[in-house]
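Me: I am new to this structure. Please take one part of it and look closely: the packing around a well-connected residue, then the charged pairs.

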Amino acid sequence: MDIFFDLRQKMVAEQIEARGIRDPRVLEAMRQVPRHRFVNSENWDHAYADGPLPTGFGQTISQPYIVALMTSLLHLQGSEKVLEIGTGSGYQAAILALLAREVFTVELYPELAERAEEVLRELGASNVRVIVADGSGGLPDLAPFQGILTTAAAPQVPLPLLEQLDLHGRLVIPVGDSQGQDLQVWEREPESGYELHQIAPVAFVPLRGTYGWKESEWKPR
Ligand code: SAH
């Protein structure tokens, strides 16, 4: 137990359960993972507040509710191999680690990846592997995945990510530009079909790399 235990229970009750997230496993993971460990100590006062926080390099750790929402959309049971694109602080990966069998998380910035890896190791998340690479086209060598989570905004859904989904696997991804994105879920159906659900308007930092936004195309709000 840590000094933020009570704040974390309150965060889950008021920000996450109150907004309709019901999956008991997701709620439990959100109660367990010490979010403050993934932000600088000068931000510890805000670690359980209802908003995003800076992780360095102009990147952000998503609002707790958005982390819970995206996680719950994967419908994880515990046996899955999951890919996360955009490790950032490692917080989302730590949540996934409690809910899936194996987590591969990809980050473009080596400095962010290193710090995330260190915290994840300290917290004993031994089923997470942090990889430094352009993850916008997924990790074809490790496919198929039963779940793929992209935590940066894509101009459109990258086809390689759809191809790397297992049958009935789900891809959760924000698609749109700097003015805002739609959170989408793509579920792989038999005979190479996909079912698309539009979930909610969201605001993420841009996905970079081959299937992401070019620097010149992303106009800051
Ligand atoms: N999931 C993170 C927050 C992600 S912010 C957390 O829990 O803290 C988005 C991250 O995506 C940033 O760290 C950014 O550097 C990374 N990113 C952007 N484009 C990427 C790409 N093509 N491949 C891998 N990581 C990328």
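Reply: Start with one term: a contact means heavy atoms within 4.5 Å. The model is predicted.

With that cut-off, look at Tyr91. Leaving out residues up to four places away in sequence, Tyr91 touches Met11, Met30, Val33, Arg35, Phe38, Ile61 and Val67. Tyr91 also belongs to the largest nonpolar core, which has 50 residues. Met30 and Tyr91 have the most contacts inside that core.

Which elements give two or more residues to this core? Five helices do: α1 (5-16), α2 (24-32), α3 (64-73), α4 (91-99) and α5 (110-122). Two strands do as well: β5 (128-132) and β8 (180-189). Another core lies apart from it. That one has 19 residues, including Ala152, Ala154, Leu162 and Val175. In soluble globular proteins, nonpolar side chains tend to be buried together.

Now the charged pairs. Side chains of opposite charge can pair when their charged atoms come close. Nine salt bridges are counted here. Take three of them, in helices α1 and α2 and the loop between them.

Begin in helix α1. Lys10 and Glu14 form a salt bridge, at 3.5 Å from N to O. Both residues lie in α1, four residues apart, which is about one turn of the helix. Lys10 has a relative accessible area of 43%, so Lys10 is partly exposed.

Next comes Arg31. The side chain of Arg31 meets that of Glu17 in a salt bridge, at 3.8 Å from N to O. Why does this pair tie together parts that are apart in sequence? Because Arg31 sits in helix α2, while Glu17 sits in the loop between α1 and α2, 14 residues apart in sequence. Arg31 is partly exposed, at 22% relative accessible area. Glu17 is partly exposed too, at 30%.

Arg31 has another partner, Glu28. In this salt bridge the closest N and O atoms are 3.0 Å apart. Glu28 and Arg31 are three residues apart in helix α2, so about one helical turn separates them. Glu28 counts as partly exposed, with 36% relative accessibility. Put the two bridges of Arg31 together: through shared partners, Glu17, Glu28 and Arg31 join into one network.

Last, tie the two views together. Helix α2 gives two or more residues to the largest core. Helix α2 also holds Glu28 and Arg31, the pair about one turn apart.

How values were computed:
Residues numbered from 1 in each chain as written. Predicted model: local features only at pLDDT ≥ 70, side-chain atom pairs only at ≥ 80, totals over all residues. Heavy atoms only, no water. Core = buried A, V, L, I, M, F, W, Y, C linked by side-chain atoms within 4.5 Å. Buried < 20%, exposed > 50% of the residue type's maximum accessible area, 1.4 Å probe, protein only. Salt bridge = Lys/Arg side-chain N within 4 Å of Asp/Glu carboxyl O.
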